[in-house]
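Hi,

Here is the structure I promised to pass on. Have a look at it, and then read on for what turned up.

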Number of protein chains: 2
Amino acid sequence: DGGLFAACKGWILDVWAFAKEDKNRVIFSLKVGFAVLLVSLLILFQAPYEVFGTNIIWSILTVAIMFEYTVGATFNRGFNRALGSLLAGIFAVAIAQAALCSGRVAEPYIIGISIFFIGAVTSFMKLWPSLVPYEYGFRVILFTFCLIVVSGYRMGNPVRTAMERLYSIAIGGFVAVLVNVLIFPIWAGEQLHKELVNHFDSVADSLEECVRKYLEDDGSDHPEFSKTVMDEFPDEPAYRKCRSTLNSSAKLETLANSAKWEPPHGRFRHFFYPWSEYVKVGAVLRYCAYEVMALHGVLHSEIQAPYNLRIAFQSEISEASNQAAELVRSLGKDINNMKHTLQTSLLKRLHASTERLQRAIDMHSYLLTTSNHEATAEYSSKPLPKIAHTLSSTLSNDLSNSLADLNKNGDLGGQEPTLTQNSSFLLPVPAAESYHESMKKQQRRLYSWPSREVDDFELDGGLEMDFLPRMRALESTAALSLATFTSLLIEFVARLDHLVEAVDELAKMAKFKHY
Amino acid sequence: DGGLFAACKGWILDVWAFAKEDKNRVIFSLKVGFAVLLVSLLILFQAPYEVFGTNIIWSILTVAIMFEYTVGATFNRGFNRALGSLLAGIFAVAIAQAALCSGRVAEPYIIGISIFFIGAVTSFMKLWPSLVPYEYGFRVILFTFCLIVVSGYRMGNPVRTAMERLYSIAIGGFVAVLVNVLIFPIWAGEQLHKELVNHFDSVADSLEECVRKYLEDDGSDHPEFSKTVMDEFPDEPAYRKCRSTLNSSAKLETLANSAKWEPPHGRFRHFFYPWSEYVKVGAVLRYCAYEVMALHGVLHSEIQAPYNLRIAFQSEISEASNQAAELVRSLGKDINNMKHTLQTSLLKRLHASTERLQRAIDMHSYLLTTSNHEATAEYSSKPLPKIAHTLSSTLSNDLSNSLADLNKNGDLGGQEPTLTQNSSFLLPVPAAESYHESMKKQQRRLYSWPSREVDDFELDGGLEMDFLPRMRALESTAALSLATFTSLLIEFVARLDHLVEAVDELAKMAKFKHY
């Protein structure tokens, strides 16, 4: 008994939370109640009942069927109902007159054949792809036609039946539209607007979460990838939100379809507001989200870059991803505030940091072994210049020159040349640095490889001969996983260009304010 | 006038093609016509009209509203309509009796308040996520309740009104269900089955197409990536099909929801057939398709691996992808034929060739420069062993030993050591070859690197000093693009494990025949 009470209480709390989450739900419910009450009054009061008669029950049916959550959907359904009823009325009157003229015997045959014909044709038409949104209208044509023709046949005077039905439907539609628009209207356009902005935020959140987890993970708590790819990932709320946006194309389209029916309202003050552009922006955003899904796949794949390697690129990766997320969020914010800011500075910064990431990774296929060894700080104390001198005495002149150049540069860099190289790798290269400058740095690194390799061989001795390459092969796999992650990140950034374009297009067409 | 005739002709041909594409469309249309004709006959003929009276028009309304494309959807709608009407009838009779007992003055107030209350409560309930599929049922409750209560108020005897309405609705529902089930039934289950199998095929096709284009593309006709990511890619029909499957989750769910209402039929002969498993398999398949989308992204990204590099891995990539596509297709075929074959042999082969691809790529981060140079056949004539000897005379003992070892291995490999290395890289390593064996080969390659590097330096001279690293940096970028492509391919294969599992689960639950 106490359990039942507790269950009841829990249930009531659930309902309360549900209502509180979105107050529009309560408003919508009360509006429906009010609308059906209004039309019912036409029958309950004596005066209107004497005017309209029992036909007014069609108004109730109309309100119950037509009343939708948003204004646009109600208009859309009302349009379907009105046009459908009108067409059905015209057909019905025409057929009924023809049947009447053809005599008592032929009449039922004509009516029967016409019903079959209308049923088949409307059903076929509503399957036609471009007519699918008007499915309800075809249904209305069918049943209104049947009702008028049949009751006309039994009660005579089909024109009167048709007219009575049409005006009672009109009353019902009128009440439904008035209540829906005048009392706390819920606009499909507003919902679409909010929904799209939410998608921007969830893609940005998901990207950040994904990258954060990638750089956080120290490999200690890396469980086997869940048995199903469909896992809930309870510790990744943003990912789950992002995943749900991937399946939301239908919702955006439905909302846009409804929004097209709405008059200018609230913040959307001009006619022919480009609601279909919202769907397009949503689609481009979804294409960006596919890359996030792929990033998430790398994050949870079994082939994993070791922690120290990921950490080596931490600053570049997190800089690029944070700026990308920031750009996505600021695009979403712009849409939300209906502003049109040129994102050039953000975009430029993002491109610069992505290029930096790209360059860091480019060097990586050469520096993997070295940088990795240095990152683990095992070999950092080795006397690099000495070995280089030993080498240079036997190699050709050009090479010895280049190595001398390397030494000089290394000395310029500070007292611990290896650490300098390592740290310049970790620290983001200042944006002001020219490409030539950084290419030169890269060169130095490239040249320093052979001597370093030799260095390792010399000091580690024979025992490592068999072990080292194996370790390196593993390291290279790991490096490729990292490379995949960064490539996907870079591809994500590349797609942001398209997103910026799509948002610009939307801003232009929707006449957002310039800043 | 001739133009009008031509337009008409084109339009008729379109309709004809549309009907021919899926004959079920025509069947459905004719069935709807037949069903409405059947209920109309109940009014058109004198005998049934005398029995049922004008209330029978509710049957027509019911048929028009209930008749859906598939059997399952019709059952579902029928259930909604039946239960909704029944509940509404019970509520209405109870309220009407209470109103009657409370006297002439209070009656309209009680009726009005009850209408408002029912309107608000049903509208709120249909927003509750788990009740959304029964949206139509709540609509039915609302309007049936209003109709019975209101007309009961005006015509008296609400119980009789309710009963008459209920049995005419029952007649309509009965006719709709009978016609839908007995005459060329269109089963939602069958549609779902076909749809899922199609998805398997389109994912497999899309993967193959993507990989083929990646390996085909010789860089000459590489246009800038389309202005919008949403481009139609007219030369990639499979990609477009695959993309549309990504948005089809709603369709699969609707079909599964309908299929649950269907009795055992055709090939699906046992009760409680696991239709929801189809949705799960579809979801896992969609996760595989995300990887195909990412592959497609790499295919069209601006950072592109050069043709000769891609070609170097051609056999491994195309072997792995063809086997992956084959596995997907054979899973689809199994579902189609309702067979349960263990895909172990295919899966083993796929894993072996994926491992081969993986290994080839692993070695790559070391061999990139060399293999690439060799692939372009510019440096293949260089006397490698000689240089090694020059080097070994000055370096420490350990290193000279290892290089001697390298020479010996190189000599064992054939008369043209560089070409051998290159070709062993291009040809797939036989699956029988042990891991140890291939690791040894890899070692040899790793060790040959330093001397090769030195070789380049010595022979190319000072002019190349500035140019070479830059070229190498570019090459490394390219290599990373290739690495990303293969990583995504490998991730796709990893997800196929989950797909195989999901299909196994489906096969078990649906009791597919074992082979």
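**Buried polar side chains**

A polar atom of the T144(B) side chain lies 2.7 Å from the backbone oxygen of V140(B), where a polar contact is a pair of N or O atoms within 3.5 Å; within protein, one must be able to donate a hydrogen and the other to accept it, and residues adjacent in sequence count only if both atoms are side-chain atoms. Before going further: this is a predicted model, so local features need pLDDT of at least 70 and side-chain atom pairs count only at pLDDT 80 or more, while totals for chains, interfaces and linings use all residues. Residues are numbered from 1 along each chain as its sequence is written, chains are lettered from A and ligands numbered from 1 in the order in which they are written, and side-chain values use heavy atoms, with hydrogens and water left out.

Back to T144(B), which is found in helix α7 (residues 135-155) of chain B; helices here are DSSP runs of H or I with at least four residues, strands are runs of E with at least two, and both are numbered from the N terminus. T144(B) counts as buried because its relative accessibility is 3% (buried means under 20% relative accessible area, exposed over 50%, partly exposed in between, with a 1.4 Å probe and protein chains only). Leaving aside neighbours within four places in sequence, T144(B) is in contact with S85(B) and A88(B), contact meaning heavy atoms within 4.5 Å.

Chain A has a serine worth a click too. S353(A) lies in helix α15 (residues 344-375) of chain A and is buried at 0% relative accessibility. Its side chain reaches the backbone oxygen of L350(A) at 3.1 Å. Not counting residues up to four places away in sequence, S353(A) touches E319(A), A320(A) and Q323(A).

Then there is E277(B), in helix α12 (residues 275-299) of chain B. E277(B) is buried, with a relative accessible area of 7%. Apart from residues up to four places away in sequence, E277(B) touches E505(B), L506(B) and M509(B).

**Rings**

How many aromatic pairs does a search of the whole structure find? There are 26 over all chains, counting rings of Phe, Tyr and Trp (its six-membered ring) with centres within 6.5 Å; planes under 30 degrees apart count as stacked, over 60 as edge-to-face and the rest as tilted. One of them is Y214(A) with F485(A): the centres are 3.7 Å apart and the planes at 5 degrees, so this pair is stacked. Y214(A) sits in helix α9 (residues 188-216) of chain A and F485(A) in helix α20 (residues 464-509) of chain A, so the pair ties together parts that are 271 residues apart in sequence. Both Y214(A) and F485(A) are buried.

For an edge-to-face case, go to F268(B) and Y273(B), whose ring centres are 5.1 Å apart with planes at 70 degrees. F268(B) is buried at 1% relative accessibility, and Y273(B) is buried with a relative accessible area of 7%. In chain A, ring pairs link F268(A), Y273(A), W275(A) and Y278(A) into a cluster.

Two arginines sit over rings as well, meaning that CZ of Arg (or NZ of Lys) is within 6 Å of the ring centre and within 35 degrees of the ring normal. R77(A) lies over the face of Y136(A), 4.0 Å from the ring centre, and the charged end of R25(B) is over the ring of F18(B), 3.9 Å from its centre.

**Helices and the chain A totals**

Helix α6 (residues 103-125) of chain B has 23 residues and reaches 32 Å from its first C-alpha to its last, close to the 33 Å expected at 1.5 Å a residue; the expected span is 1.5 Å times one less than the number of residues. The buried residues of α6(B) include E107(B), I111(B), G112(B) and F124(B). Their cover includes α1 (2-21) and α2 (24-44) of chain A, together with α5 (71-101) and α7 of chain B.

Helix α14 (residues 314-337) of chain B should span 34 Å with its 24 residues, and its end C-alpha atoms are 33 Å apart, which agrees. Just after α14(B), M338(B) takes a positive phi of about 55 degrees.

As for chain A, its secondary structure comes to 20 helices and two strands. Of its 515 residues, 56% count as buried. Residues 24 or more positions apart account for 82% of the chain A contacts with a separation of 6 or more.

Cheers
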